[in-house]
Amino acid sequence: MDSQDLQRLKMRYDIVGTNPALNRALEAAVAIAPSDLAVLITGESGVGKEVIPAIIHQNSRRKNGKFLAVNCGAIPEGTISAELFGHEKGAFTGAVAERKGYFEEADGGTLFLDEIGELPKETQAMLLRVLQSGEYIKVGSSKVEKTDVRVIAATNVELSHAVATGKFRADLYYRLNAIDIRIPALRERKDDIYLLFRKFSSDFAEKYNICKISLNIEAIALLRSYRWPGNIRQLKNFAEAVTMMESRPAKPGADRLELGGEAISKYLPDEQDSLLPATVAQSGNGPTGAMDDEDKRAIVKAIFDLKQEVDYLRSVVEGGSPAGSSVQRVTGGGRPVPSEPEEAEWQEPPEEQLGIKKNYNALIDRALEKHGGNVKEAAAELGISERTIYRKLAKRKEKK
């Protein structure tokens with residue numbers, strides 16, 4: 001698949017991004033489409049797994065058949081077998097008539113089973129049978145039915161772990177996992193984050209005839225540093241909220257508004273507002289969320305430095321560090337070094353008895369002053385996220 005074909009595919013399915021892992025997933029979907037192999041799509045919630053089954057179906061020999069998508073996690077456990085395979089009249093309370101199931105409705109086409117890990121064990125056994133032989137039995141019937149359906153499944157949980165804990169059948173897992181297509185998390189697609197933000201903001205602005213939003217370098221860096229646990233779904237909601245709250249009615253010649261880091265920081269959740277690094281990078285060969293040695297050292301250093309600050313404040317409050325005494329700071333390697341003259345302001349008079357929060361804010365102010373207001377450099381020195389500093393500044397501005 002050459003670059004032009006890939007770009008046309010993205011345009012057809014409204015896919016934004018240039019990430020290599022994303023490109024590989026799209027190429028794999030097109031490559032396996034002509035076959036009837038079962039496909040398992042993996043990835044975190046909100047990454048956009050639903051586009052892959054549509055691509056596979058439209059590029060397969062079944063494209064003229066039905067394409068049905070079923071969210072297994074949204075169907076009550078007691079009725080999911082009837083939903084998938086149908087039921088006879090009187091099969092259970094409320095079954096007032098015979099009903100076709102999704103496997104019968106999708107005969108000759110494709111059935112996408114999202115959140116496959118939520119299936120109860122009884123339904124898993126029925127699904128395994130239909131995958132192996134194309135046969136199934138409706139709930140309340142004894143008649144064997146036949147169907148010709150290609151099954152594509154998706155999950156945001158680790159099915160191998162579910163197999164190990166007895167929650168998912170091993171034979172079904174291997175049957176579904178003929179082809180595994182993984183969709184990368186948004187934090188693994190840092191170069192795509194602003195592209196997606198710009199698209200979501202532009203679409204929303206056009207719909208409501210308001211100014212489109214663009215971001216300056218600091219704001220883009222802030223978005224890239226955020227972890228995005230909700231992935232593309234969260235970014236879309238964020239972009240629309242920022243556009244709605246910060247934009248203004250569009251006028252000829254003035255249809256775009258640029259925002260900085262301070263303006264958008266208040267729309268990001270507080271879940272990472274701490275002295276720990278804002279993101280945990282993925283190591284090159286490790287699993288998603290794994291930390292490399294550099295990440296671990298950064299976290300240890302942040303915790304160790306925080307302990308030093310708390311110990312110092314305690315000594316100030318208890319009168320154990322008289323004014324003018326020499327206070328030592330500890331480097332990342334654990335070696336105490338004398339404070340430099342320009343950092344003498346770290347020593348506060350005992351009578352002020354500063355709280356940790358006040359001292360923390362003072363540290364931010366001094367770091368900003370030291371680096372000429374450069375938020376990125378100040379954050380790097382303190383071992384905190386840029387968003388934390390922007391949020392502190394925004395809160396102060398609101399209080400004025």
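In strand β6, the residue that pairs through a bridge with I41 is A154, and I would like to start from that pair, keeping in mind throughout that what we are looking at is a predicted model. The pair belongs to a longer run of contacts, since strand β1, residues 39-42, and strand β6, residues 150-155, are parallel and joined by four bridges.

If we step outward from there, β1 and β6 turn out to be members of an open sheet of five strands, whose order is β2-β3-β6-β1-β7 and whose pairing is parallel. At the edges sit β2, residues 67-71, and β7, residues 179-182, each of which pairs on one side only. From one strand to the next, the twist averages 20°.

Let me stay with β1 for a moment, because T42, which is found in that strand, counts as buried at a relative accessibility of 16%, the cut-off being under 20%. The side chain of T42 makes a polar contact of 3.2 Å with the side chain of D180. Setting aside neighbours within four places in sequence, the residues in contact with T42 are K49, T155, D180, I181, R182 and I183.

Next, helix α3 and what follows it. Helix α3 runs over residues 51-58 and is mostly covered, with six of its eight residues buried; these are V51, I52, P53, I55, I56 and H57. In the loop between α3 and β2 we then meet R61, and here the question is whether R61 is buried or exposed. R61 has a relative accessible area of 57%, and because the threshold for exposed is over 50%, R61 is exposed. The side chain of R61 is nevertheless joined to that of D36 by a polar contact of 2.3 Å. R61 and G109, which are 48 residues apart in sequence, have their C-alpha atoms 8.9 Å apart in space.

I turn now to another part of the chain, and to helix α11 in particular. Do the end C-alpha atoms of α11 lie at the expected span, or away from it? The helix has 16 residues, 231-246, and at 1.5 Å a residue it should span 22 Å; the end C-alpha atoms are 22 Å apart, so the two values agree. The buried residues in α11 are N231, I232, Q234, L235, F238, A239, V242, T243 and E246. Because these residues cover an arc of only 160° around the axis, they lie on the same side of α11. Which elements cover them? The cover includes the helices α9 (190-208), α10 (217-225) and α12 (261-265), together with the strands β8 (212-215) and β9 (256-259).

Several of these covering elements deserve a closer look. β8 and β9 run parallel and are joined by four bridges, and within that pairing L215 stands opposite L259 in β9. The side chains along β9 alternate, so that L257 and L259 point to one face and are buried, whereas R256 and E258 point to the other face and are not.

In helix α12 we find S265, which counts as buried because its relative accessibility is 0%. A polar atom of the S265 side chain lies 3.1 Å from the backbone oxygen of E262. Apart from residues up to four places away in sequence, S265 touches L222, R387, Y390 and R391.

In helix α9, the residue I would point to is K199, which, with a relative accessible area of 18%, is buried. Once its neighbours within four places in sequence are left aside, K199 is in contact with D14 and V16. Between K199 and K236, which are 37 residues apart in sequence, the C-alpha to C-alpha distance is 9.0 Å.

Finally, the chain as a whole. Its secondary structure comes to 16 helices and 11 strands, and 42% of its 400 residues count as buried. Of the contacts in the chain with a separation of 6 or more, 69% are between residues 24 or more positions apart.

Terms used. Residues numbered from 1 in each chain as written. Predicted model: local features only at pLDDT ≥ 70, side-chain atom pairs only at ≥ 80, totals over all residues. Heavy atoms only, no water. Helix = DSSP H or I, 4+ residues; strand = E, 2+ residues; numbered from the N terminus. Expected span 1.5 Å × (residues − 1). Buried < 20%, exposed > 50% of the residue type's maximum accessible area, 1.4 Å probe, protein only. Arc of directions from axis to C-beta. Contact = heavy atoms within 4.5 Å. Pairing = 2+ DSSP bridges. Polar contact = N/O pair within 3.5 Å; in protein donor to acceptor, adjacent residues only side chain to side chain. Axes fitted to C-alpha atoms, helices over the stretch in contact; angles between N-to-C directions.
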